[in-house]
Amino acid sequence: MGLIYVVLVILLSPVVGHTQELYEPFRGIRSLGMGGVVISIVNDAEAVFHNPAALGRVEGLNIHLLELGLGGRMLSPEDLAAIEGIDSDDPSTYNDLFGTRLNFKANGALGLALPYFGVGYYTDYDLSLELHNPGYPEFTTYFKNDSAVSIGAAYPVGPKSYIGMALKRMTRWGGETQELGLTTVANAGDIQGVMDEFENKGQGYGIDLALLTEVPAPLSPVLTVVWQDVGSTAFTKTGGADAPPHVPQNLSAGVSLGLDLPGLDWVFAMEGRHLLEPEVQIGKKVHIGTEISIPFLDLRAGINQGYMTYGVGFDFLIFRLDAASYTEELGIYPGQTADNRVMIGLSIDLGFDANFNFTDNSGKKRKLKQRR
């Protein structure tokens, strides 16, 4: 109960305005469909990215061979028609794009987890463009590519209680906003050409700390606190004129509940993120999500920064297909500037139980939930 009290005190502290999309490291599609919750529900190789204390919950061997995700802002039929009508030799064909924000995202990950230990790699791309100023058209362009190699470990400190730490080596390309002229973007020809306009690159080292406990009570509550990028992660310049901006530290706390029935699993989670940033409005810190799992199918829903999210996952042997529809708040408070997005992805996992017998995705998932 002490942990819950601390979380409530921090969430209810005074706040002031904040005008940027909140930075989040690599997030899987399952999390996006569940309102952004992740730290209290992760219990496989991805724990090394999100909650190293959760490595204490791993049994056997989990090999995350591949995860690929693609997505971005949901485009209306009018947006698609405007894009299709673009002629790089005719600036007037860009007129219908004024005020439209284009966003493209891609990520990938792989990892390996054993009891109390994990290692992983991810790369995460984010590109957005918005055309403005009809008198002298320019694209306000943001681009960032973060890649990281992480190694993490957990240590038991009590019955089903663990502390965890992860060390990571990060590289960053971009991370800032530029004003690119219409001619520059038109001549770029493709997304790669726009990305090449960003020259600043850097390398840095970060640390994540975590605490997790499973409470012996009905619905198997899991309480956890995660402090990512302790003290912020700064970069040393490796290219361009300046080092990329640092990664701010992020204190998160969460709780999850679970129910395991024959042929049906259910999990509910709630967490607060960016708890050390008083300038962030409370509504942008809150994430709530749920998932119902039946053989070969997961149905997900949640609330991310005041907006509904939805997701679905299909399991087949070692393969899983996931899709999510979610919204990011770009303004100061929830409801101000919504950016509707979608992500789809494919992942491949090899799982072995505590006796090192092979399990497919569905079997591994149920085994993980049954031991809570």
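## Exercises on turns, strands and buried side chains

F296 sits in the loop that links β11 (286-294) and β12 (297-304). Helices (H or I, at least four residues) and strands (E, at least two) are DSSP runs, numbered from the N terminus. The model is predicted, so local features need pLDDT of at least 70 and side-chain atom pairs need pLDDT 80 or more, while totals for chains, interfaces and linings use all residues. Residues are numbered from 1 along each chain as its sequence is written, and side-chain values use heavy atoms, without hydrogens or water.

**Exercise 1. Describe the backbone angle and the exposure of F296. Then do the same for L317.**

Step 1. Start with phi. F296 is not a glycine, yet its phi is positive, at about 75 degrees.

Step 2. Check the surface. F296 has 45% relative accessibility, so it counts as partly exposed. (Buried means under 20% relative accessible area, exposed over 50%, partly exposed in between, with a 1.4 Å probe and protein chains only.)

Step 3. Move to L317. This residue lies in the loop between β13 (307-316) and β14.

Step 4. Read its angle. L317 also is not a glycine, and its phi is positive, at about 55 degrees.

Step 5. Check its surface. L317 is partly exposed because its relative accessible area is 46%.

**Exercise 2. Find the strands that pair with β15.**

Step 1. Know the rule. Two strands pair if DSSP finds at least two bridges between them.

Step 2. Take β1 (residues 61-73). Twelve bridges tie β1 to β15 (residues 338-352), and the two run antiparallel. Pick out one bridge: I63 has L350 of β15 as its partner.

Step 3. Take β14 (residues 319-329). Eleven bridges join β14 to β15, again antiparallel. Here Y326 has R341 of β15 as its bridge partner.

**Exercise 3. Is R341 buried or exposed, and what surrounds R341?**

Step 1. Place it. R341 belongs to strand β15.

Step 2. Read its accessibility. The relative accessible area of R341 is 0%, so R341 is buried.

Step 3. List some neighbours. Contact means heavy atoms within 4.5 Å. Leaving aside neighbours within four places in sequence, R341 has contacts that include E21, G72, R73, M74, R101, N103 and Y326.

Step 4. Look for a polar partner. The R341 side chain makes a polar contact with the side chain of D339, at 2.9 Å. (A polar contact is a pair of N or O atoms within 3.5 Å; within protein, one must be able to donate a hydrogen and the other to accept it, and residues adjacent in sequence count only if both atoms are side-chain atoms.)

Step 5. Compare chain distance with space. R341 and L75 are 266 residues apart along the chain, but their C-alpha atoms are separated by 8.6 Å.

**Exercise 4. Which backbone atoms do the side chains of E271 and S256 reach?**

Step 1. Place E271. This residue is in strand β10 (residues 264-272). Its relative accessibility is 3%, so E271 counts as buried.

Step 2. Follow its side chain. The E271 side chain reaches the backbone nitrogen of V38 at 3.0 Å. The same residue's side chain also reaches the backbone nitrogen of I39, at 3.3 Å.

Step 3. Widen the view. Not counting residues up to four places away in sequence, E271 touches residues including G36, V37, S40, A253, G254 and K285.

Step 4. Turn to S256. This residue is in strand β9 (residues 250-261). S256 counts as buried because its relative accessibility is 1%.

Step 5. Follow that side chain. The S256 side chain reaches the backbone oxygen of S40 at 3.2 Å.

**Exercise 5. Which residues touch the most other members of the largest nonpolar core?**

Step 1. Define the set. A nonpolar core is a set of buried Ala, Val, Leu, Ile, Met, Phe, Trp, Tyr and Cys residues joined through side-chain atoms within 4.5 Å.

Step 2. Name the residues. The largest core has 16 residues, and L55 and L212 touch the most other members. Strands β6 (201-214) and β7 (222-228) each supply at least two residues of this core.

Step 3. Look around L55. Beyond four places in sequence, its contacts include D44, V48, L114, Y116, F117 and A153.

Step 4. Add the other core. A second, separate core has 15 residues, among them L129, L131, W173 and L182.

**Exercise 6. How many helices and strands does the protein chain have?**

Step 1. Count elements. There are seven helices and 16 strands.

Step 2. Read the burial. Of the 372 residues in the protein chain, 50% are buried.

Step 3. Read the contacts. Among those between residues at least 6 apart in sequence, 64% join residues at least 24 apart.
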